[in-house]
Amino acid sequence: MGTVSWSRARDAALAALVAIASLAACGGGGASAPPAVHATPTPTPAPTAAPTANPRGKINHVVIVIQENRSFDSMFHGFPGADSASTGQISTGATVPLTRVPLSSPYDMDHSYNDARTGMNGGAMNGFNKVGFSYPDGQPPGYTPPPYPAYAYVNESDIAAYFTLARNYVLADRFFSSQADGSFVGHQYLIAGQAGHTWGVPARSPWGCDDPGNTVGLLDAQGQITHDVVAPCFTYASLGEALDAKGVSWRYYAPPASDPAYIWSAYDSIKAVREGPDWTNNIVSPQTQFLQDVANGTLADVTWIVPDVSDSDHPGVPNTEGPAWVTSVVNAVGESTFWGTTAVFVLWDDWGGFYDHVAPPQLDYDGLGMRVPLIVVSPYALGGRVAHTQYEFGSVLKFAEQLYGLAPLAASDARANAFGSDVFDFGQAPRAFVPFASRHGRAYFLHKRLTPGPPDSDL
């Protein structure tokens, strides 16, 4: 794993934070390419969708809701019209069925950069059986994991809220992480379009500029792990700084520093933000404050929201609160005065180690990464549509850049397809919002105590 040790970072975080247990050692190796993975159904991806009109004048608010660690196949198995798999191939060439598991399954797949490369196996997508897994809270008595833990999909009944959102708006089934790594790098791509060639996670917590002696590993120009390290406190430009320069408001909602989930406050790794006025003005904790702010008539032009562990979809978390949390955020926007001018992007920050049958196009040294779900909710989003165009994390940044006349930040948002006519129709009459049913509403999340554990255990 190079200079940064996965287990060493894990142990330091556990000792300091009383966090949930970490992953087992990274998987590795590869296999010769077998025949193509069998998947059903397999609609042919549409060519790049026709561009839409510029969202200016229609959209004034962008809300990015970040969920945790699920591949497309693991979350939207069997969704009508979407390209999802029922079987997959393992490294021996055998075809195995995907096993249905609950959202609260007790095991967590390894999901480092090495694990992504092992699973992809050069595009054969047959190495996921070589990826390790662990039990964050210990193996439950009598529990037997699936025969191939990575080859699994979630009970639709556990995530019915996501299926309902997707059936009413747009689900993208060719949406890829812009990079082949876990959550630390993924979150940087969602605010800056890059992660400075870093991989894995910092050696200890906190992860960003708070700890000047911290380190994180580096990849070379070919995507190979080096022996070099760098401080996870970056000087590259972020979208927040670009928005500042244009006088555009933004906020990033995340758990506070007193909570271990603070590691997901991604702007902590952006030096100009962490050490400047934006840290006080634009970083808001706890993340539930978003619900109160919107109800009180406050919504920034661009918003990111990160969940607490108990509201995340992270594998190994013993609850199923994630869909209700996301629904509460969507309802908060939909029932506010901001609905008519907002686009909400619900996405998952990485694949979590789970199988996906679609080989990511390789566009640079560390991406594209694995396919993950994206749901787009807006009065100008199409209804009941599955978008097959290739999109990536950079497409979300590009949407904000189009909206506010900003230049690309990095390679990922420069190359990414802009969301097209298979997602938005800015010529249509804005759709009225109908609230979504949820077992928990705004009051529940506003009064809920934060969980003493990070929303991701890839430490």
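The following conversation concerns a predicted model and some of its local features.

Visitor: What should be known about the model before the details?
Guide: The model is predicted, with local features needing pLDDT of at least 70 and side-chain atom pairs counting only at pLDDT 80 or more, while totals for chains, interfaces and linings use all residues. Residues are numbered from 1 along each chain as its sequence is written, and side-chain values use heavy atoms, with hydrogens and water left out.

Visitor: How many disulfides are there?
Guide: The count is one disulfide, where a disulfide is a pair of cysteine sulfur atoms within 2.5 Å. Cys-209 and Cys-233 form it, with their sulfur atoms 2.0 Å apart.

Visitor: Which parts does the pair tie together?
Guide: Cys-209 lies in the loop between strand S10 (198-199) and strand S11 (216-219), and Cys-233 in the loop between strand S12 (225-230) and helix H6 (239-245), so the pair ties together parts that are 24 residues apart in sequence. Helices (H or I, at least four residues) and strands (E, at least two) are DSSP runs, numbered from the N terminus.

Visitor: Is Cys-209 buried or exposed?
Guide: Cys-209 is buried, at 11% relative accessible area, whereas Cys-233 is partly exposed at 22%. Buried means under 20% relative accessible area, exposed over 50%, and partly exposed in between (1.4 Å probe, protein chains only).

Visitor: Which peptide bond is cis in the loop between S10 and S11?
Guide: The bond from Ser-205 to Pro-206 is cis, with omega near 0 degrees, and Pro-206 is in that loop. The bond from Gly-367 to Leu-368 is also cis, with omega near 10 degrees.

Visitor: Turning to Thr-303, where does it lie?
Guide: Thr-303 belongs to strand S15 (residues 302-305) and is buried, with a relative accessible area of 0%. Leaving aside residues up to four places away in sequence, Thr-303 touches Val-62, Val-63, Ile-64, Arg-251, Tyr-253 and Phe-290, contact meaning heavy atoms within 4.5 Å.

Visitor: What about Met-125 and its phi?
Guide: Met-125, which is not a glycine, has a positive phi near 55 degrees. Met-125 sits in the loop between helix H3 (113-120) and strand S6 (133-134) and is buried, at 1% relative accessible area.

Visitor: And H10, how many of its residues are buried?
Guide: In H10, 13 of the 13 residues are buried, so this helix is largely enclosed by the rest of the structure. From its first C-alpha to its last, H10 reaches 18 Å, close to the 18 Å expected at 1.5 Å a residue (1.5 Å times one less than the number of residues).
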